[in-house]
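Me: Please take a close look at a single strand, its pairing and its burial. Add a short note on ring contacts elsewhere in the structure.

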Amino acid sequence: MEQEFKSGFVSVVGRPNVGKSTLINRILGQKVTIVSDKAQTTRNKILCIHTDADSQIVFLDTPGIHKPKHKLGRFMDEAAYGSLKDIDAVLFLVAADEKRGPGDMFILHKIKDIHAPVFLVINKIDKLDKEKLLKIMADYSSLCDFAAIIPVSALKGENVSAVMGELKKILPPGPKYFPDDMITDRPERLLVAEIVREKLLQLTREEVPHALAVYTEEMAKRENNKVYIRVTVYVERDSQKRIVIGKNGSVLKEIGRLARTEIERLLGSSVFLDIWVKVKTDWRNKASVLSEFGYKDE
C-alpha cells in the first residue's frame, strides 16, 4: 500500500538570535535565510519549503519576537504573530546557552493556547553538558505540555533529523502546495538584497546593523551574460554611511566581494554588483518607506 502524502505549515518562533534561520537552512540543506550574530537579523516572514518523497513542510521563518522600539520593530512582531494563524505545528526555539528570560515567557504565553502541537526545540546544545541540558528540559516541561522536547545543534546538524521525524508524525494528509524544486516564496531580487545585508551585518558594528536597509534597484542580464545588479544600502545618518563605506571604500569593497561570491552561487552566473550607500533619516519610523522596502502587511 502506497504511503499517504503529508503536508502542512510550521511556524518557527523564538527570541532574537536563538538560531531559527540556522535551523531552517540546515533542514533545507541550503541557505535560504540570512544568518548573523546580530539580534533581529530576520525582518520579514519567509516561507521555506522542504519537499521529499512523502511530505512537504512549509516553514515560516519569523523575526525574533521582541519589544519593538520603532515601526519596523512593530512590523516584525506582527509578522511573527501572524505566522501563528492557520498552522499545523509550532517550533518554539530557545537557546541552551542562555537563561530562560522574560522574552521566552512572553512567547510561551502567546503560544500556549494555540490549537496546534507546540514542539520545544532547545538549540545550541553543543555549548553545554548533558546534566545542564536535562535541567533545562525539566524546567520548560513544567511550564507547558509540549508535544515533544527536542535538543539540537542547528549549527552542527546534531539531532535535526529528529525535528523532521516529530513533525511528520503529526502532519495531516495533504497536497503539494509548491513545486518540488521551490524552496522559498521570496523573489531573487529580495534574496540578493538579503545577502548584501548579511555581509553588512558581519562587517559593521555598534548601531549600524539595525539602521540598515538594502533594496535591489536593478537586475539585468548584459550582452556578456553577466548579471548586472544595482543595490542601494540605506542608513539613517551620515556617520553610519561613513562606517559602511570605510576608509578609502575598504569596507564597501569587502562587502561587495563577499556578497558577489554568494550571489553568483545563487544565480549560477557571473555577477557585476554595484552598491550605493544613501542616507534616509529615521526610515525605520516611516510607514511609506517601510512599505517601499518590502516591510508591509501581506
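**Strand pairing and burial**

Reply: In this predicted model, strand S1 (residues 6–14) and strand S4 run parallel and are joined by 5 bridges. One of the residues involved is Gly14, whose bridge partner in S4 is Leu93. S4 is also joined to strand S5 (residues 118–123), through 6 bridges, and this pairing is parallel too. Here Ala95 stands opposite Asn123 of S5. Between S4 and S5 the chain passes through helix H3 (residues 102–111), a β-α-β crossover that is right-handed.

As for burial, S4 covers residues 89–95, and 7 of its 7 residues are buried. Ala89, Leu91, Leu93 and Ala95 point one way from the strand, while Val90, Phe92 and Val94 point the other way; both sets are buried. Leu93, the partner of Gly14, and Ala95, which faces Asn123, thus point to one side of S4.

On ring contacts, the whole structure holds 3 aromatic pairs. One of them is Tyr228 with Phe272: the ring centres are 5.8 Å apart and the planes lie at 15°, which is under 30 degrees, so the pair counts as stacked. Tyr228 is in strand S8 (residues 227–235) and Phe272 in strand S9 (residues 271–279), so the contact links distant parts of the chain, 44 residues apart. Tyr228 is buried, at 10% relative accessible area, whereas Phe272 is partly exposed at 45%. Arg222 lies over the face of Tyr228, 4.1 Å from the ring centre.

Methods: Residues numbered from 1 in each chain as written. Predicted model: local features only at pLDDT ≥ 70, side-chain atom pairs only at ≥ 80, totals over all residues. Heavy atoms only, no water. Phe/Tyr/Trp six-rings, centres within 6.5 Å; stacked < 30°, edge-to-face > 60°. Helix = DSSP H or I, 4+ residues; strand = E, 2+ residues; numbered from the N terminus. Buried < 20%, exposed > 50% of the residue type's maximum accessible area, 1.4 Å probe, protein only. Lys NZ or Arg CZ within 6 Å of the ring centre and 35° of its normal. Pairing = 2+ DSSP bridges. Right-handed = clockwise from strand over helix to strand, strands pointing away.
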